[in-house]
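Colleague: I'm new to this one and would like a close look at a single part. Could you walk me through the bigger sheet and whatever packs against it?

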Amino acid sequence: MAQLYCVDLSVGYDGNAILKNISFGVNKGDYLAVVGENGSGKSTLMKTVLGLVKPISGEVCVGDGLRKNEIGYLPQQTVVQKDFPASVWEVVISGCIANMGLKPFYGKEEKALAAENIKKMGLEGLEKRSYRELSGGQQQRVLLARALCSTKKVLLLDEPVSGLDPKVTAEMYELIYNLNKGGTTIIMISHDISAALKYASHILHIGKEVFFGTKEAYLKSENIKNFNALGVEQ
């Protein structure tokens with residue numbers, strides 16, 4: 001049974017659909033890359049899956065023991081977020097809040113989880129640093145550690161390497177891939193089709209024609225021809 005699946009989902013704002021009748025499913029351990037042209041509705045789809053935007057029609061469902069509050073989210077950063085005046089520790093441990101229920105304070109469990117994910121993201125020694133003083137790559141690692149504090153089951157990542165230099169981008173992709181190999185299901189919006197084809201197990205291509213399937217099937221589809229200019233081999 002799929003951990004997360006969408007059935008005939010139409011998404012948009014104020015009753016105006018950007019995407020219509022999208023259906024796909026993500027199983028435990030999958031790495032789904034969501035690709036397509038700018039403005040095609042990828043981020044709106046992600047927000048609808050998270051429940052931040054109400055679907056126009058269709059359903060977003062969870063299964064295989066997953067609860068809706070067990071989906072971690074790494075959104076695209078805004079200028080305001082990049083200038084957030086909290087410490088690394090404060091940002092990371094805040095990811096625990098969604099699962100704390102009525103507990104008013106962080107306990108040993110939350111502190112241990114935050115420390116574990118700070119270590120996993122290679123941020124040890126930066127706990128007291130102000131988030132806004134960090135490099136772009138370090139900030140993304142902090143936000144990824146925060147997302148991992150909310151769940152290890154499913155992570156939704158919206159352009160997680162946007163604005164990063166090539167070296168830091170490669171490091172970020174490897175971090176995400178290693179999380180996936182460790183059992184975390186990944187759903188990632190990406191404009192980088194080459195990276196998507198390197199790391200993902202499945203592709204959801206949004207455009208004039210919608211494709212959902214394995215990476216291998218995508219390479220044989222008509223959709224891949226849109227990216228020939230990027231040097232992707234069919």
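Modeller: First, a word on terms: two strands count as paired if DSSP finds at least two bridges between them. Keep in mind, too, that this is a predicted model.

With that in hand, look at strand 6 (residues 154-158) and strand 7 (residues 185-189): they pair in the parallel sense, with 5 bridges between them. To find your place along that pair, pick out Leu-155, which stands opposite Ile-186 in strand 7. Helix 6 (residues 166-181) packs on the sheet here, touching strand 3, strand 5, strand 6 and strand 7. The direction of helix 6 makes about 145° with that of strand 7.

Now zoom out. The pair belongs to an open sheet of 6 strands, and if you walk across, the order is 5-6-7-3-8-9. The pairing in this sheet is mixed. At the edges you'll meet strand 5 (71-74) and strand 9 (211-214), each of which pairs on one side only. From one strand to the next, the twist averages 15°.

Another helix to look for is helix 1 (residues 42-50), which lies across strand 3 (31-36), strand 5, strand 6, strand 7 and strand 8 (202-206). Helix 1 runs at about 150° to strand 6. Follow helix 1 a bit further, and you'll see that it also packs on an open sheet of 3 strands, ordered 2-1-4 with antiparallel pairing. There, helix 1 touches strand 1, strand 2 and strand 4, and its direction makes about 120° with that of strand 1.

Technical notes:
Residues numbered from 1 in each chain as written. Predicted model: local features only at pLDDT ≥ 70, side-chain atom pairs only at ≥ 80, totals over all residues. Heavy atoms only, no water. Helix = DSSP H or I, 4+ residues; strand = E, 2+ residues; numbered from the N terminus. Axes fitted to C-alpha atoms, helices over the stretch in contact; angles between N-to-C directions. Contact = heavy atoms within 4.5 Å.
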